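Trainee: I would like to learn how to read a structure like this one, feature by feature. Where shall we begin?

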Amino acid sequence: MSVPVKKNDRLTVYIEDLTHDGNGVAKVDGYPLFIQGALPNETADIHVLKTLKNYGFGKVIEIIQPSPDRVDAPCDYFKQCGGCQLQHLSYEGQLKWKENMVRNVMQRLGKIDAPVLPVKGMQEPWHYRNKAQIPFATNEAGQAIAGFYKTKSHNIVDMERCLIQTGEADAILAGLKKELATIGIRPYNEHTHEGMLRHVVIRKARATGEVMVVLVTKKRKFPQKDAAIATIQQLVPHVTSIMQNVNGDKTNVIFGDETIHLWGKDVIIDTIGDVRFEISARSFYQVNPEQTEVLYKQALDYANLQGDERVIDAYCGIGTISLFLAQKAKYVMGVEIVPQAIEDAKRNAELNGFTNTYFEAGPAEEVIPRWYQEGKEADVLVVDPPRKGCDEALLKTILEQRPKRVVYVSCNPATLARDLRVLEDGGYQTQEIQPVDMFPHSTHCECCAWLELAD
Ligand code: SAH
């Protein structure tokens, strides 16, 4: 295909779609151009920034015909910060776009005809994120800055607040950087490896209101710790736990191996539905518990448990779905590759008094075939894999063992469509797909799919 536009061209285009990065897609004689800041159904004057063989990039000079769903992004940092991609699209517009996106991906990539229901969104799609991980640094004037990274970079956008995170995180973000010089703590510099404070992580339990603040420091020795504790208590008077984590490595990874208790409790407790979870400084936990409850209730509905089913939960993490299902099942066996998450799952099962759960650490594609060989069978199998989808060997095991019902929770519609096709070809029928909006203002969309073994 010859490239119909060149760098620095100015032209008027119609925007047909939106990419996963939140860029508009226009086609010039079939050649796709990705246009930063443009929305579907808009007409825009654009400037071509770069052309490659099969696609190019452009940016908006002027929107000629705006989308009826266009809004002013409420956050001042929206254009610089890499956190949100869709704040310029109304929330209803976002939900509509996600529904169509899931439907198109199902048909295009998987030839899946099952109904895709309207996305279950949030009543109040702001301040939902229960964990903020804020990097600290020093600007050229020598002042402490803190915020989030610019899109595809490691440069910090200095911020006072974020509309996605909690008020407690904002208080720390705005307040702590002002106080650092007084307390005598220098932010870490990732280029020179000097300085002390790398990240501050703030976690809040939505149901109980408990708050944990974790200071990630380069060194273990922390002579300013009493002043730091006092400052945090002033900024967030209801804080329940203050911890230190030591990360002395030259790395982008936030946490180091050692976590030290500084003040208060060393865990916070949250609940999703009727299930309680203990969250420590580093434990994995869903970042939007309100919508997690919606998603996992959907999984429970689709599993349609009557009380005597044997259930396998593959990719179980800290056992959130397993414990939800255990309320209604004969027993649930969960498998997850990260041993620490399995420890959390076991502890949470105990905390809630479940005696019908069993958890094992290992790759699902190896552990589940072994369970079947040992006679541990399942009537219902739930999977919640990472973005790359289910391992082929696991899909093969499902098709050999043929549990009567499969519930597939997915954070990536493309791999969901691919895996549903494999399961449909092997004798399952997808009944319904329910998308759930776990991350408002981002392009992500979670889905819960329900499959039954065809007769
Ligand atoms: N259901 C979980 C979250 C699932 S996220 C919850 O509600 O908390 C996907 C999980 O799959 C991650 O915890 C990841 O560690 C795990 N994982 C990745 N590859 C795996 C594999 N091959 N076998 C088992 N678990 C795996």
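Mentor: Begin with a place in the chain. This is a predicted model. Y315 sits in the loop between strand 15 (310-314) and helix 5 (320-326).

Trainee: Is Y315 buried or exposed, and why?

Mentor: Buried is a matter of a cut-off: under 20% relative accessible area. Y315 has 18% relative accessibility, so Y315 counts as buried.

Trainee: Which residues does Y315 touch, beyond those up to four places away in sequence?

Mentor: Contact lists show what packs around a residue. For Y315, with residues up to four places away left out, the list includes V335, E336, A364 and E365. It also includes V383, D384, P385 and P386. G389, C390, D391 and L394 are on it too.

Trainee: What does UniProt say about this place?

Mentor: An annotation is a record's statement, to be laid beside the coordinates. The unreviewed UniProt entry puts the feature "binding site" at Q286, Y315, E336 and D384. Among the contacts of Y315 are E336 and D384.

Trainee: Where does E336 lie, and is E336 buried or exposed?

Mentor: E336 belongs to strand 16 (residues 331-336). Its relative accessibility is 12%, so E336 is buried as well.

Trainee: What is E336 in contact with, leaving aside neighbours within four places in sequence?

Mentor: Read the list from the other side. With those neighbours left aside, E336 contacts Y315, C316 and G317. A341, I342, E360, A361 and G362 are also among its contacts.

Trainee: Which backbone nitrogen does the side chain of E336 reach?

Mentor: That of V338, at 2.9 Å. T251 gives another case: a polar atom of its side chain lies 2.8 Å from the backbone nitrogen of V253.

Trainee: Where is T251, and is T251 buried or partly exposed?

Mentor: T251 is in the loop between strand 11 (241-246) and strand 12 (258-264). T251 counts as partly exposed because its relative accessibility is 28%. Compare sequence and space here. T251 and H193 are 58 residues apart in sequence, with their C-alpha atoms 9.9 Å apart.

Trainee: Next, the active site. Where does UniProt place the feature "active site"?

Mentor: The unreviewed entry places it at C411. C411 lies in the loop between strand 19 (405-410) and helix 9 (413-425). Residues up to four places away aside, C411 touches P385, P386, R387, C445 and E446. P385 and P386 are also on the contact list of Y315.

Trainee: How do I read backbone angles? What is phi of H127?

Mentor: Look at the sign. Phi of H127 is near 55 degrees, a positive value in a residue other than glycine. H441 is another such residue, with phi near 75 degrees.

Trainee: Where are H127 and H441 found?

Mentor: H127 is in the loop between helix 1 (91-110) and strand 6 (131-138). H441 is in the loop between strand 20 (428-436) and strand 21 (446-453). Their burial is worth checking too. H127 is partly exposed, at 42% relative accessible area. H441 is buried, at 2%.

Trainee: Let us zoom out. Into which domains is the chain divided?

Mentor: Domain 1 (10-65), domain 2 (95-123 + 288-453) and domain 3 (131-272). Note that two segments of the chain are listed for domain 2. The C-alpha centres of domain 2 and domain 3 are 34 Å apart. Their contact takes eight residues from domain 2 and four residues from domain 3.

Trainee: How is the size of an interface given?

Mentor: Often as the accessible area lost when the parts come together. Between domain 2 and domain 3 the buried area is about 560 Å², and carbon and sulfur atoms give 74% of that. P289, E290 and E293 supply 56% of the area that domain 2 buries there, more than any other three residues.

Trainee: How many salt bridges and polar pairs are counted between domain 2 and domain 3?

Mentor: One salt bridge. The side chains of E290 and R206 meet in a salt bridge at 3.9 Å, N to O. Residue pairs in polar contact, both at pLDDT 80 or more, number zero between domain 2 and domain 3.

Trainee: Which helix gives the largest share of the side of domain 2 that touches domain 3?

Mentor: Helix 4, with four residues. Helix 4 (289-303) and helix 5 each supply at least two residues of that side.

Technical notes. Residues numbered from 1 in each chain as written. Predicted model: local features only at pLDDT ≥ 70, side-chain atom pairs only at ≥ 80, totals over all residues. Heavy atoms only, no water. UniProt positions renumbered as here; feature names shortened; annotations may be inferred. Buried < 20%, exposed > 50% of the residue type's maximum accessible area, 1.4 Å probe, protein only. Contact = heavy atoms within 4.5 Å. Polar contact = N/O pair within 3.5 Å; in protein donor to acceptor, adjacent residues only side chain to side chain. Domains from an automatic or database assignment. Buried area = accessible area lost by both parts, 1.4 Å probe. Salt bridge = Lys/Arg side-chain N within 4 Å of Asp/Glu carboxyl O.
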